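Trainee: Could you take me through one part of this model up close? I'd like to see how two packed helices are described.

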Amino acid sequence: MERLRSFLTHQTLRRMAGARFYERGEEYFAHGQVEKITESQGVVKATVHGTRSYRVKLWFEDEEVASSCTCPVGTDDLFCKHCVAVGLAYLSKKTGKAPSSSRTPKKAVTMNDVRAYLDREDKAVLIDLLMERAEEDERLRERLFMKTAKKGSQGLNVATFRRAIDRAVDGGGFVDYYSAYAFSQGIQEVINSIADLLKEGYAADVVELSEYALQGVEESLNAIDD
């Protein structure tokens, strides 16, 4: 633990995460989204609340800070924003300084402010923001897959819509009462995307996909809480 304490600095976190992930991690830390931080046997553990709750570990290995996070970025062995947030929380715990933010606005940002910001922003930055969000949001990622499947040079990619149906109707074995609404909403989003195909002239493909979806939904009914 002493080696982690001596090696972990703000500069180390920025170097490992990169500027974009570091800034996002700062925001998570400043807004108090790191909880249950503990250290034992050389490992720092914490929970970070983002789109979901993610479990983060930091430790020292091979002369470097090592990490793991249950988010999609972390499972690719990258030093994600959640790892940054935990690192900052750990440094704060060492120094006794509470989370703080130097960006406190005089008034809350509205959606009109967001639209104006997006309108001014560079396209590449917006793509990065959307891709980052899609890495964590399974439904958004599926919607992007389906939108992309309609724009290919070889026409509609029906296989992508079949895969979206398969994922939507897969309840992971059993869907309990409290999960049923979210499960049904996931199916509804895929249905809406298929319905849009009808307006775009893919009638024959819509018939095929509708039959395929109906079969999948009927099978999934056996695994849903009454």
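Mentor: Let's start with a bit of vocabulary: when the angle between two N-to-C directions is over 145 degrees, the pair counts as roughly antiparallel. Keep in mind, too, that what you're looking at is a predicted model.

Now find helix α7, which covers residues 138–149, and helix α8, which covers residues 158–169. Two packed helices are described by the angle between their axes and the distance between those axes. Here the axes cross at roughly 160° and come within 9 Å of each other. That angle is over the cut-off, so α7 and α8 are roughly antiparallel to each other. As for handedness, the crossing of α7 and α8 is left-handed.

Next, zoom in on who touches whom. On the α7 side you'll find E142, F145, M146 and A149, and they meet T160, F161, R163, A164 and R167 of α8. Sorted by character, the residues of this contact come out as five nonpolar, three charged and one polar.

If you want something to set beside the helix pair, look at the strands. There are four of them in an open sheet, ordered β1-β2-β3-β4, and their pairing is antiparallel. At the edges sit β1 (34–40) and β4 (64–69), each pairing on one side only. From one strand to the next, the twist averages 20°. Inside that order, β2 (residues 43–49) is joined to β3 (residues 53–61) by seven bridges, and these two strands run antiparallel. You can pick out H49 there, standing opposite S53 in β3.

Conventions:
Residues numbered from 1 in each chain as written. Predicted model: local features only at pLDDT ≥ 70, side-chain atom pairs only at ≥ 80, totals over all residues. Heavy atoms only, no water. Pairing = 2+ DSSP bridges. Helix = DSSP H or I, 4+ residues; strand = E, 2+ residues; numbered from the N terminus. Axes fitted to C-alpha atoms, helices over the stretch in contact; angles between N-to-C directions. Parallel < 35°, antiparallel > 145°, perpendicular 65-115°, else oblique. Left-handed = near helix turned anticlockwise from the far one by under 90°. Contact = heavy atoms within 4.5 Å. Nonpolar A, V, L, I, M, F, W, Y, C, P; charged D, E, K, R; others polar.
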